[in-house]
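Hello,

Here is the structure I said I would pass on. My notes follow below it.

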Amino acid sequence: MEKLSKEELQFIDNYLDNSDIIYADIRMEIIDHVASEIENRMQANNEATFYTIFKTYMVENKADLLKDNKKYIKSIENKNTKFIIKELLSFKALIVFVLLLFLSNNYLLNFKIMSPKHIFTIPFLLIIITTIIYFISSKIYKYSRFSGVERLGFLYYVLFQVFYFISMFIRNRIEDLNNVLVSALFALCITLIYVFVKVTITVIKTYRTQYKSIV
Amino acid sequence: MSNSKLYKGSLTTIILKLLNESDKMYGYEITQKVKELTKGELKITEGALYPALHRLEADGLLDVEVKKVDNRLRKYYKITENGEKESSHQLSELASYIATMQALVNPKLSIE
C-alpha cells in the first residue's frame, strides 16, 4: 500500500493545528487516523489524489474530529483532578503537612522569622515562579504543547484562587487568630504546592516516556 | 458509532474485548477490525471511538504506547490488568442483557 509522504502528513498536521487542535498528543493520533483512512481510500481508487480524498474526508468527518478534541480535553482535566485528589489524600502528603505545620509553628512564626501577615507571600511566589517557567518553555523554547501538562494550568489557577481566599481570610482576622491556625493554613498551602508539583512532574515524565520521539 | 443507538452503550465492551484478544491496537485498526468482524454492519466513528478510548485510558483500564510508523507517530492501546477484569465483567453483563432481551422479544429462542 502506498504511504503518505512527509509533506502530506505535514499538510494534515498544519490543517488540524489551524482548526484549533492545538495539543500535539491529540493531533498526532488524529493525523494517524486520517492518514490511514486516506491511504486506504487511495488504494481503493488509484485515480484519486491525496488532496481530493483529504477534502472529501474532512467534509464528512471534521465535526466529529473537533468533537473528539473537546471531549479529550475534558477527560484529561478529569484525570488530572483525580490524580491530584489521590495524591492529596496520600500518606506522604499527610507527612509533609504535619512536618510543615511543626516547622512553621515552631520556627517561622514563633521565632519571628516571618510575620503571619506576610507568610502567605510564599505560596503566591511559588505559583508565580511556576507560571513564569511555563511561559518560558512554551513561548520562548516553543516546546510542543501537551494536553495533560497544559490543562494542569486550569487547576493551578484554582489553586491560586484558594491561596488568595486564605490570604484574605488571614489578613482580616490577623489579631484574633492564633499561630497554630495560621501555621496549619500555611502548611496546607505548601502541601498543596508539593502535591501539584509532584503531579506535574509525574505527568511530564509520562509524556516524556510515551512521546520521546517528539518531545 | 454510526448506524444504531443500540450499539452505543456497548462501545467500551467492544473495545475492551478486542484489546483483550490482541497484544495492542491503534484507533484506526479498531474501527477496521469492527467493520471486518461485523461485515460492515457496524461502523465506529472517530467522534465515538477516541473519546471512549481516552476515557478508558483515564480510568486506568488501558495503557498507551507511542511508536513511529510510516513517518508518523501511532498511539497503541493495551489493556491493563484492571481492564481485563472490567472486560470480563462487562461481557458477562452484556451476555445477561442479551439473554433478557432474547426472552422478551423472542421467547421461543431463549435458553430458559
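What pattern does chain B follow, read along the sequence? The order is α-α-β-α-α-β-β-α, which reflects 5 helices and 3 strands in chain B. Please keep in mind that this is a predicted model.

Overall form of chain B

Taken along the principal axes, the C-alpha atoms of chain B fill a box of roughly 55 × 30 × 20 Å. The chain has 112 residues, and 42% of them are buried. If one takes the contacts in chain B between residues at least 6 apart in sequence, 50% of these join residues at least 24 apart.

The strands

S3(B) pairs with both of the other strands discussed here, S1 and S2 of chain B. With S2(B) the arrangement is antiparallel and runs over 8 bridges; within it, Val69(B) stands opposite Arg72(B) of S3(B). The hairpin formed by S2(B) and S3(B) has 2 residues between the strands, and Asp70(B) in this hairpin takes a positive phi near 50°. On the other pairing, strand S1 (residues 25-26) of chain B is also antiparallel to S3(B), over 2 bridges. There, Tyr26(B) has Tyr76(B) of S3(B) as its bridge partner.

Why is S3(B) described as largely enclosed by the rest of the structure? Because 7 of its 8 residues are buried, where buried means under 20% relative accessible area.

The interface with chain A

On the chain B side, 23 residues are in contact with 28 residues of chain A. The area buried between the two chains is about 2400 Å², and carbon and sulfur atoms give 52% of that. Tyr28(B), Glu46(B) and Arg72(B) lose the most area to chain A among the residues of chain B, together 29% of what that side buries.

There are 6 salt bridges between chain B and chain A. One of them joins the side chains of Arg72(B) and Glu39(A), at 2.9 Å from N to O. The rule for polar contacts finds 13 residue pairs across this interface, with both residues at pLDDT 80 or more.

Which elements give two or more residues to the side of chain B that touches chain A? They are helix H3 (27-37), helix H4 (46-58), strand S2 (62-69) and strand S3 (72-79) of chain B. H4(B) provides the largest share, 7 residues. By type, the residues on this side divide into 9 nonpolar, 7 polar and 7 charged.

Regards

Terms used. Residues are numbered from 1 along each chain as its sequence is written. Chains are lettered from A and ligands numbered from 1 in the order in which they are written. This is a predicted model: local features need pLDDT of at least 70, side-chain atom pairs count only at pLDDT 80 or more; totals for chains, interfaces and linings use all residues. Side-chain values use heavy atoms; hydrogens and water are left out. Contact means heavy atoms within 4.5 Å. Buried area is the accessible area (1.4 Å probe) that two parts lose on being put together, summed over both. A salt bridge is a side-chain nitrogen of Lys or Arg within 4 Å of a carboxyl oxygen of Asp or Glu. A polar contact is a pair of N or O atoms within 3.5 Å; within protein, one must be able to donate a hydrogen and the other to accept it, and residues adjacent in sequence count only if both atoms are side-chain atoms. Helices (H or I, at least four residues) and strands (E, at least two) are DSSP runs, numbered from the N terminus. Ala, Val, Leu, Ile, Met, Phe, Trp, Tyr, Cys and Pro count as nonpolar, Asp, Glu, Lys and Arg as charged, and the others, Gly among them, as polar. Buried means under 20% relative accessible area, exposed over 50%, partly exposed in between (1.4 Å probe, protein chains only). Two strands pair if DSSP finds at least two bridges between them.
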